[in-house]
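Grab a viewer and try these three exercises. Each one comes with a worked solution, so have a go before reading on.

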Amino acid sequence: MAALIGTASSTSFLPLGHSSSAIPKLASLSHPTDSGQYNWRKVYGGIGIPVRNGRSQLRVSISNIATENGAAEQGQAQKLAKESQRPVYPFSAIVGQDEMKLCLLLNVIDPKIGGVMIMGDRGTGKSTTVRSLVDLLPEIKVVAGDPFNSDPEDPELMAMEVRERILKGVKVPVMMTKINMVDLPLGATEDRVCGTIDIEKALTEGVKAFEPGLLAKANRGILYVDEVNLLDDHLVDVLLDSAASGWNTVEREGISISHPAQFILIGSGNPEEGELRPQLLDRFGLHAQVGTVKDAELRVKIVEERARFDRNPKEFRESYRAEQEKLQHQISAARSSLSSVHIDHDLRVRISKVCAELNVDGLRGDIVTNRAAKALAALKGRDKVGPEDIATVIPNCLRHRLRKDPLESIDSGLLVIEKFYEVFS
């Protein structure tokens with residue numbers, strides 16, 4: 001999927017009180033000025049500071065907000081990247097694994113559900129299914145050229161520089177782009193994930209330049225971690241901190257930089273390779289259990305479909321275009337109607353009663369079950385949640401939140417279903 005690419009067209013750094021119309025003039029100032037005056041320097045793709053008498057000041061700003069021309073260049077770059085990317089297996093062509101597919105679709109409809117953890121046997125199509133979601137992701141409004149995918153309308157999803165510009169009345173260029181999906185490799189370093197200060201630029205040019213990391217790229221998008229149960233503890237801590245606050249703060253070399261980092265966290269793994277830390281497991285809104293298909297006819301169909309895709313990916317994707325477009329429209333309609341879907345108070349009380357009787361810690365289980373049930377009703381084209389919607393999603397919402405009993409042989413999902421029918425009957 002095309003990633004947002006910063007352009008060479010950047011804002012300069014202005015003393016308070018100057019208007020944005022002065023930017024072109026100040027951007028060209030690179031010679032020494034009189035004592036007490038600022039020597040303006042530009043840092044492309046990072047942050048920069050004005051320098052007075054060779055010493056750094058405290059003011060910090062981001063210098064990668066594009067102009068109107070930058071927005072057009074960025075759109076062209078995204079189009080070229082989309083045409084040259086590797087072909088992705090169509091989501092509609094995936095046979096079976098309905099539980100996993102439903103959990104992913106519900107998160108696309110309502111990102112506040114909080115992501116999905118997919119656990120199951122190896123070779124069951126977990127990574128293939130997640131990556132096939134790229135084609136179905138809807139478009140969102142972003143500030144062109146901003147590395148943090150800032151929302152031009154929601155202050156909570158804006159980078160600090162964008163917020164300052166809007167407060168000053170400066171018009172920022174806006175463009176439509178697909179929701180981003182970012183892969184977090186197991187071998188990633190903390191600096192690559194969080195972002196870091198460019199020390200070389202600080203020493204050679206006298207400026208502190210910030211290089212955004214994967215969390216910046218994943219803001220308002222999807223962060224996918226394959227084999228998440230093998231992720232290093234220090235990266236798990238970083239994810240926990242960002243998932244809890246919705247912001248990523250980088251403390252490097254005496255400077256503090258914060259940017260929004262609200263993403264849908266999707267993880268997949270094999271339980272045989274190790275358990276996930278309970279703190280991180282609780283951050284996933286839904287939990288999907290994936291098993292190997294047992295039906296021989298179905299297995300043959302999966303093998304044949306995969307062989308067709310490997311033989312001619314373009315032709316295979318074309319054969320599923322109509323189904324993909326139909327699902328895209330269904331998702332867009334569900335996202336639009338989600339705010340009008342309501343759930344009766346009696347059903348809310350029963351959901352909370354199920355959570356209480358299962359001894360679920362905290363209230364995340366209650367919140368996620370309500371959200372997932374509403375998203376499912378919206379996906380089905382209804383404006384009211386019914387008990388059948390709750391019955392479908394509640395095992396995925398609560399299964400991973402139950403306390404582990406080493407002597408218990410029953411699957412936790414079955415325990416949730418039994419309690420649901422006991423309460424709702």
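**Exercise 1.** Find how many salt bridges the structure holds, then work out which parts the pair Asp 135 and Arg 317 ties together.

*Solution.* Start with the count: this predicted model holds 21 salt bridges. Next, zoom in on one of them, where the side chains of Asp 135 and Arg 317 meet at 2.9 Å, N to O. Now place the partners: Asp 135 sits in the loop between α4 (126-132) and β6, while Arg 317 belongs to helix α12 (residues 313-319), so the bridge links parts 182 residues apart in sequence.

**Exercise 2.** Work out how α3 and α15 are oriented to each other, and which residues meet.

*Solution.* First take the geometry: α3 (residues 98-109) packs against α15 at about 95 degrees, with 9 Å between the axes. Angles of 65 to 115 degrees count as roughly perpendicular, so that is the label for α3 and α15. Then list the contacts: Leu 102, Leu 106 and Ile 109 of α3 meet Ala 372, Ala 375, Leu 376 and Leu 379 of α15. Sorted by class, that contact has seven nonpolar residues, no polar and no charged ones.

**Exercise 3.** Describe the largest pocket: its space, and its lining by class.

*Solution.* Begin with the volume, about 1200 Å³. Count the lining next: 35 residues, with Pro 111, Lys 112, Ile 113, Gln 262 and Phe 263 nearest the centre. By class, the lining splits into 16 nonpolar, seven polar and 12 charged residues. Finally, trace the elements: β6 (139-143), α9 (233-245), β14 (264-269) and α15 (364-379) each supply at least two lining residues.

Key: Residues numbered from 1 in each chain as written. Predicted model: local features only at pLDDT ≥ 70, side-chain atom pairs only at ≥ 80, totals over all residues. Heavy atoms only, no water. 1 Å grid on protein atoms, 1.4 Å probe; cavity = no way out; pocket = protein on both sides within 12 Å on 5 of 7 lines; lining within 4 Å. Points joined across faces, edges and corners; volume = space filled by probe spheres on them. Helix = DSSP H or I, 4+ residues; strand = E, 2+ residues; numbered from the N terminus. Nonpolar A, V, L, I, M, F, W, Y, C, P; charged D, E, K, R; others polar. Axes fitted to C-alpha atoms, helices over the stretch in contact; angles between N-to-C directions. Parallel < 35°, antiparallel > 145°, perpendicular 65-115°, else oblique. Contact = heavy atoms within 4.5 Å. Salt bridge = Lys/Arg side-chain N within 4 Å of Asp/Glu carboxyl O.
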